[in-house]
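Colleague: I'm new to this one and would like a close look at a single part. Could you walk me through how one of the helices packs against its neighbours, and then place that part in the wider model?

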Amino acid sequence: MTLPPPDIRERRGDRVLLVWGDAPWWTVIDPQADRFIGALVEGKSPAAALAELTGGRADYAVAQAAAGIIRRLKSAGVLARRPRQPARDRIESIAVNITNRCPLRCAFCYNQPELHQDRAELSGLELAAALDGLRRYTAPGALLAILGGEPLLRPADTLDLARWARRRGLRPMVSTNGLYVDDAFARGAAECGLDVQVSLDGPDAAGHEAVRGPGTFDRALAGVARLVEAGALVVISMVVHAGNLTAIEPYLRLAQRLGVAEARCIAVRQMGPGQAFEPPKPVNLLRAIWQAADSDPALAGLLGRDFASIFAQTCHGCAPRRSCGTGSQTLLLDADGTLYPCPNFVGEAFAAGNVRSEPPARVWRRSAALAEVRRQTALAARRPCGGCWARHWCLGGCAGESYAVHGEFGRPGVACAGMKEAVREVFWRLADRPLGTGSAPRPC
């Protein structure tokens with residue numbers, strides 16, 4: 001039995017974090033367990049390592065704990081002849097640009113509606129019919145994100161698509177600027193179970209309107225109020241950059257006053273106009289969200305789709321991954337029928353095909369453009385992700401963002417060092433606060 005040394009060994013107080021990146025697996029343990037594992041790494045047998053730990057004395061409790069460590073190391077694949085393989089990819093997140101038209105020109109939005117002026121848009125039911133052709137490749141309960149442009153320029157089609165999604169067992173969500181929410185749409189969203197995400201880029205008019213333009217804050221608030229009154233599930237979403245990092249707690253307080261179900265805080269993408277904004281360091285964004293959540297349990301209850309929560313879900317698991325999932329677990333269906341790998345890979349070079357002219361299942365299986373994106377965004381192909389201990393948790397960062405900044409596929413995420421620091425911090429937090437339980441610290 002050979003136990004490879006951990007890639008990360010970090011001690012804080014009386015606890016030790018160990019990480020094996022290839023397995024992948026992590027755990028936070030006490031010094032006694034660390035000494036036992038250290039002896040195994042040195043090549044000692046479990047019996048010899050246990051005897052060294054106990055001084056040769058019989059100690060049933062320690063022996064049981066040591067046996068448990070061995071079982072976890074084996075089940076995690078750390079002690080294994082062959083590494084675990086990633087699960088078969090299925091589509092878990094479908095994005096649909098129901099229109100590319102939008103009256104706003106937000107400061108960090110990379111949508112370019114002028115490029116689509118001469119392209120006819122499919123109806124909501126036509127888009128749904130196209131997605132029906134991909135059902136065999138779609139995971140149960142996959143997310144359907146209805147995007148734009150501004151989706152509520154086509155409210156009836158948005159609701160048609162959401163109703164179709166519910167019938168198919170998908171989770172529909174629409175992302176809107178909130179300016180076009182009327183009573184009829186609010187009632188329709190509530191009736192068909194459509195989650196409505198409203199972009200509010202700050203806790204006050206000054207922060208929001210610096211991004212989205214004069215007069216937009218109060219109109220967006222009015223839209224939120226209509227949705228809440230109708231009983232729809234409402235999420236407000238703020239794009240975070242280095243300049244508004246301190247606004248997170250006031251933003252959650254605003255969400256509390258508005259009576260919405262959730263509040264999102266997501267980092268600005270370094271794509272298109274977004275490159276003009278300095279992104280927050282990942283660990284600083286995590287700490288800002290945690291600080292707000294820890295200050296008030298009611299604020300913590302508003303989280304779930306924010307940067308910290310999504311990152312914690314990813315780090316909580318210990319499953320091998322091939323890539324960030326672009327083009328294999330994600331897709332974008334544009335309003336004109338073009339399929340793309342994801343919303344962050346849009347352009348002629350990444351167009352997989354058009355559902356007007358060929359069946360979507362054939363596009364998914366045979367597109368040369370999709371195959372190339374899948375190949376070049378694989379973690380093994382992105383230097384230096386292939387041998388990095390953090391790759392199965394950070395997923396190399398956003399491949400589309402990296403391509404936008406560097407102009408090539410092979411580079412790691414634009415915040416590579418910061419993401420590795422953030423992964424370690426999330427491990428430590430999960431050791432204290434395992435997801436879905438109030439129990440004591442445990443390995444993933």
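Modeller: Sure, and I'll start with a small landmark: Leu395 lies in the loop between helix 15 (391-394) and helix 16 (399-406). Its phi is near 60°, a positive value in a residue other than glycine. That's worth a glance, because most residues other than glycine have a negative phi.

Before going on, keep in mind that this is a predicted model. The mean pLDDT of the protein chain is 93, with 96% of its residues at 70 or more. Residues 437-444 are a stretch to treat separately: pLDDT is below 50 there, though the stretch has 21 contacts in the model beyond near neighbours in sequence.

Now for the helix I'd pick, helix 10 (residues 282-295). Take helix 9 (residues 248-258) as its first partner here: the two axes come within 9 Å and cross at roughly 45°. That makes helix 9 oblique to helix 10, and the crossing is right-handed. From helix 9, the contact uses Ile248, Glu249, Leu252 and Arg253, while helix 10 brings Leu285, Ala288, Ile289, Ala292 and Ser295. Sorted by class, this contact has six nonpolar, one polar and two charged residues.

Next comes helix 17 (residues 416-432), whose axis comes within 8 Å of the axis of helix 10, with a crossing of roughly 30°. An angle under 35 degrees counts as roughly parallel, so helix 10 is roughly parallel to helix 17. Here helix 10 uses Pro282, Val283, Leu286, Arg287, Trp290 and Asp294, and helix 17 answers with Gly418, Met419, Glu421, Ala422, Glu425, Val426 and Arg429. This contact divides into seven nonpolar, one polar and five charged residues.

For the wider setting, look at the sheet. Nine strands form an open sheet with mixed pairing, in the order 9-8-7-6-5-4-10-11-12. Strand 9 (262-267) and strand 12 (353-354) are the edges, each pairing on one side only. Strand 9 pairs with strand 8 (residues 234-240) in the parallel sense, over six bridges, and Ile236 stands opposite Ala263 in strand 9.

Last, two backbone spots to find on your own. Ala23 and Pro24 are joined by a cis peptide bond, with omega about -15°; Pro24 is in the loop between strand 2 (15-20) and strand 3 (25-29). Another cis peptide bond joins Gly148 and Gly149, with omega about 15°, and Gly149 is in the loop between strand 5 (138-147) and helix 5 (155-167). I point these out because most peptide bonds are trans.

Definitions and conventions:
Residues are numbered from 1 along each chain as its sequence is written. This is a predicted model: local features need pLDDT of at least 70, side-chain atom pairs count only at pLDDT 80 or more; totals for chains, interfaces and linings use all residues. Side-chain values use heavy atoms; hydrogens and water are left out. Axes are lines fitted to C-alpha atoms, for helices over the stretch in contact, and angles run from 0 to 180 degrees between N-to-C directions. Helices (H or I, at least four residues) and strands (E, at least two) are DSSP runs, numbered from the N terminus. Angles under 35 degrees count as roughly parallel, over 145 as roughly antiparallel, 65 to 115 as roughly perpendicular and the rest as oblique. A crossing is left-handed if the near helix is turned anticlockwise from the far one by less than a right angle, and right-handed if clockwise. Contact means heavy atoms within 4.5 Å. Ala, Val, Leu, Ile, Met, Phe, Trp, Tyr, Cys and Pro count as nonpolar, Asp, Glu, Lys and Arg as charged, and the others, Gly among them, as polar. Two strands pair if DSSP finds at least two bridges between them. pLDDT is the predictor's confidence in each residue, from 0 to 100.
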